[in-house]
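Dear colleague,

Please find below the structure I agreed to pass on to you. My notes on its salt bridges and nonpolar cores follow.

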Amino acid sequence: MEFQDVVRRRRMVRRYDERPVDPAVVTRLVDNATRAPSAGFSQGWGFLVLDTPEDVHRYWESTAGPDAMAEPDSWLAGMMTAPVVIVPCSSKAAYLGRYAEPDKGWTDQEESRWPMPFWHMDTAMASLLILQTAVDEGLGACFIGVPPEAYPALKDAFGIPPQFDPVGAITVGHRVPDLGAAGSPTRRPRKPVEDVVHRGRW
C-alpha cells in the first residue's frame, strides 16, 4: 500500500470479526514499532503482545473487570472481539539512566531536566507505527487508554516490571466490513488544515 493511502485509511476500529491474525503479521507490527525514534536511542519501551484467547480475555478481565465483561456495554462488547491486544509500555528509568551516561553529559538522573516526558512520547510514536503497519497489512486497530485504577491488576496479571508503565493498549484484528465510522469522528468534523497549521507565526 502506498504510504499516503496508509495515512488516509488509518482510523480507530472498534469491532473485529473472528478471523485470527497471522503470527508473522503480529511480529511485523512490533518489529516496526522498534523503528520509532527515541531520545538518545534509549529505546525505553516494551511491548506486551497478547494473541491467544486466554491472554486477551485476561487483559479485559484485568482492565475492565469481570462484572463489566459479564454485561459489557456496546463499546466493550466490540473491543473484546479483537484477537490481538498489544500493550506498549514506557520506562522513565531507561531515559533518566541513559542521559546520565558519559556521552550525554548529565551527571544525575533529575527528571526536571526533561521539558516533556520523552519516554511516553517515544512509546506513543512506536504505537503509531503499529497502527500504520496494521493498515498496511489490511487490518484494523485501535489505540485506547488503560484506566489508571487498572494498572496494578494489569501489571500483576502479566508480570510487567515495576520500571515499565503502560501508555495504553492497541487492539488489532480484521475489521468487520461495511461498518461506518464510529466514535467521535461521527460527531465532530476534522479540523481544516488551515485552522491548525501556522506558517511563520501563530
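Glu137 is partly exposed in this predicted model, because its relative accessibility is 29%. Its salt-bridge partner is Arg28, with the closest N and O atoms 2.6 Å apart. Arg28 is likewise assigned as partly exposed, at a relative accessible area of 35%. Arg28 belongs to helix H2 (residues 23-33), while Glu137 sits in the loop between helix H7 (118-136) and E3, so the pair ties together parts that are 109 residues apart in sequence.

In total, the structure holds eight salt bridges. One of them joins Asp108 to Arg113, where the closest N and O atoms are 2.9 Å apart. Asp108 is partly exposed at 28%, and Arg113 is partly exposed at 37%. Another pairs Glu101 with Arg98 at 3.0 Å between the closest N and O atoms. Here Arg98 is buried, with a relative accessible area of 16%, whereas Glu101 is partly exposed at 36%. Both residues belong to a salt-bridge network that also includes Asp103.

Turning to the interior, the largest nonpolar core comprises 23 residues, and Leu50, Tyr59, Trp60, Val85 and Val87 have the most contacts inside it. Among the elements that give it two or more residues are strand E1 (45-50), helix H3 (53-63) and strand E2 (84-90). Leaving aside residues up to four places away in sequence, Val85 touches several residues, including Leu48, Leu50, Val56, Tyr59, Trp60 and Ile170. A second, separate core has 18 residues, among them Val25, Trp45, Ala134 and Leu139.

With kind regards

Technical notes: Residues numbered from 1 in each chain as written. Predicted model: local features only at pLDDT ≥ 70, side-chain atom pairs only at ≥ 80, totals over all residues. Heavy atoms only, no water. Core = buried A, V, L, I, M, F, W, Y, C linked by side-chain atoms within 4.5 Å. Buried < 20%, exposed > 50% of the residue type's maximum accessible area, 1.4 Å probe, protein only. Helix = DSSP H or I, 4+ residues; strand = E, 2+ residues; numbered from the N terminus. Contact = heavy atoms within 4.5 Å. Salt bridge = Lys/Arg side-chain N within 4 Å of Asp/Glu carboxyl O.
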